[in-house]
Amino acid sequence: MRFSQLEGARIGVWGAGREIVSFADQLARRLPSAQIVVAAFDAAPAADVREILRAPAARIVNAVDDDVVAALAGCEVVVRSPGVSIHRPQLRALREAGVPVTTATALWLAEHGGAGVIGVTGTKGKSTTAALISHLARAAGKTVQLVGNIGVPALDLLDCGSVDVTVVELSSYHTADLEIGPEVAVVTNLFKEHTDWHGSEQAYRSEKLRLLALPGVRVGVINGRDERVMSAVDESSRVEPVNRPIVTVRFGVADGWDVIAGAICRAGERLVQISGLPLQGEHNAFNLCAALTAVEALGITPPRLPDALRGFQSLPHRLQTVAERDGLLWVDDSISTTPESTLAALASFPDRALVLIGGGQDRGQDYTALGHALALAQATVIGVPSTGSRLVAAARDAGLQAARAIDVSDLRTAVSAAHRIGRRGTVVLLSPAAPSYDHYRDFEQRGQLFREFVERL
């Protein structure tokens with residue numbers, strides 16, 4: 001379904017995030033005969049929600065009430081906020097009743113088509129990779145638009161003129177029911193994540209990787225080092241997908257872009273040391289390899305490194321230096337919501353004493369490997385609720401001294417404890433290895449509070 005096909009339609013929306021607000025704005029200005037008639041919310045909406053949605057006549061319904069399905073069943077389409085799971089029984093009932101359920105990003109992709117679009121997904125690294133692709137394409141002389149959490153909502157591009165390249169950051173919340181894919185589809189990695197939204201780890205992987213089989217996809221760019229990605233792609237290739245054949249290009253392999261012995265290499269040729277890049281950590285250098293591969297896949301000659309990255313800045317809350325005071329380096333990596341991403345963050349400081357602040361929403365994380373890494377590095381770990389106690393226990397079980405594995409009640413106390421414990425030259429790293437939603441609105445709020453607590457020391 002395309003956005004332009006909604007002219008005159010009766011529309012339901014579920015949620016009021018950035019995408020829904022953008023959708024309502026574009027609808028009011030471009031398709032005035034279309035009308036939002038029902039708006040469903042999981043929690044009580046703000047008083048001005050009708051104005052925000054530009055739908056003064058819309059009926060407001062509680063998403064958990066029994067009549068939500070009946071209310072939305074009278075709509076010709078339901079546009080959901082990405083955070084609303086497609087597996088919710090109400091949405092399943094709507095689809096079974098023949099009511100299409102979609103997202104604003106899906107409407108834009110169907111309207112625009114995949115040509116000139118690079119879509120980036122993965123458990124971690126997709127935002128940084130998308131930002132790097134955008135930066136590299138601009139450095140190569142192309143006009144570029146960046147869409148997603150770090151860019152504008154997709155439908156806002158209807159107000160923009162023609163561009164050479166559109167880079168779309170796609171979460172699994174988007175890919176789960178996307179109907180049209182980008183010309184180049186990038187998968188950075190696959191870890192266990194978002195099982196509460198998808199229902200299981202297998203469903204998460206399947207709904208993430210279905211991006212590679214969508215109509216419109218010409219090239220799949222995949223992580224050759226990630227066994228989960230490679231095995232899943234190999235398994236899916238045995239089943240006839242929607243769109244075959246596509247070209248599959250790998251990064252992290254000998255004949256492609258890779259990080260070898262501290263350098264960015266192309267087919268084994270060393271091009272630039274990662275120490276000379278404006279990126280902290282080998283995992284971010286690997287994200288650069290993904291970006292370079294994606295640019296090539298779209299037919300763009302990558303600009304020369306490291307000059308092409310001049311002016312590129314790491315994204316907020318991703319190994320971002322907050323302060324350096326009293327001999328301690330304070331680093332915000334609040335974006336790290338899995339043990340795997342925190343392991344990568346630890347590896348970014350191989351020669352520094354470390355204090356790790358970790359813990360957050362419990363999604364059944366396995367902290368065994370992270371505990372061993374902390375013990376091996378003789379780091380100090382300060383655990384905060386809700387999973388901090390499990391992280392502390394894993395580090396102690398791996399042999400870390402009890403005095404170096406501490407449980408505290410909250411982030412403020414953790415910052416004070418790190419300030420007291422750290423010696424000159426220590427890196428204090430907020431890299432939680434867990435989502436934030438048990439105590440914070442999102443990882444951005446968690447990172448901002450970390451900064452505020454450090455500034456008050």
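**Exercises: strand β16 and its sheet**

In β16, Val 331 is the bridge partner of Thr 321. Keep that pair in view while you work; the model is a predicted one.

**Exercise 1.** Work out in which sense β15 and β16 pair, and over how many bridges.

*Solution.* Start with the strand that holds Thr 321: β15 covers residues 320-325. Next, check the direction: β15 and β16 pair in the antiparallel sense, over five bridges. Then look at the turn: the hairpin has two residues between the strands, and Asp 326 takes a positive phi near 55° there.

**Exercise 2.** Decide whether β16 is largely enclosed or not, and explain why.

*Solution.* Buried means under 20% relative accessible area. Now go through the strand: Leu 328, Trp 330 and Asp 332 point one way, Leu 329 and Val 331 the other, and all are buried. That's five of the five residues in β16 (328-332), so the strand is largely enclosed by the rest of the structure.

**Exercise 3.** Find the strand order of the open sheet, and say which strands stand at its edges.

*Solution.* Step across from β16: it pairs with β20 (residues 427-430) in the parallel sense over four bridges, and Trp 330 stands opposite Val 428 in β20. Carry on and you get six strands in the order β15-β16-β20-β17-β18-β19, with mixed pairing. β15 and β19 (405-407) are at the edges with a single partner strand each, so one side of each has no neighbour in the sheet.

**Exercise 4.** Name the partner of Ile 382 in β19.

*Solution.* β18 (residues 380-383) pairs with β19 in the parallel sense over three bridges. Within that pairing, Ile 382 has Ile 406 as its bridge partner.

Methods:
Residues are numbered from 1 along each chain as its sequence is written. This is a predicted model: local features need pLDDT of at least 70, side-chain atom pairs count only at pLDDT 80 or more; totals for chains, interfaces and linings use all residues. Side-chain values use heavy atoms; hydrogens and water are left out. Buried means under 20% relative accessible area, exposed over 50%, partly exposed in between (1.4 Å probe, protein chains only). Two strands pair if DSSP finds at least two bridges between them.
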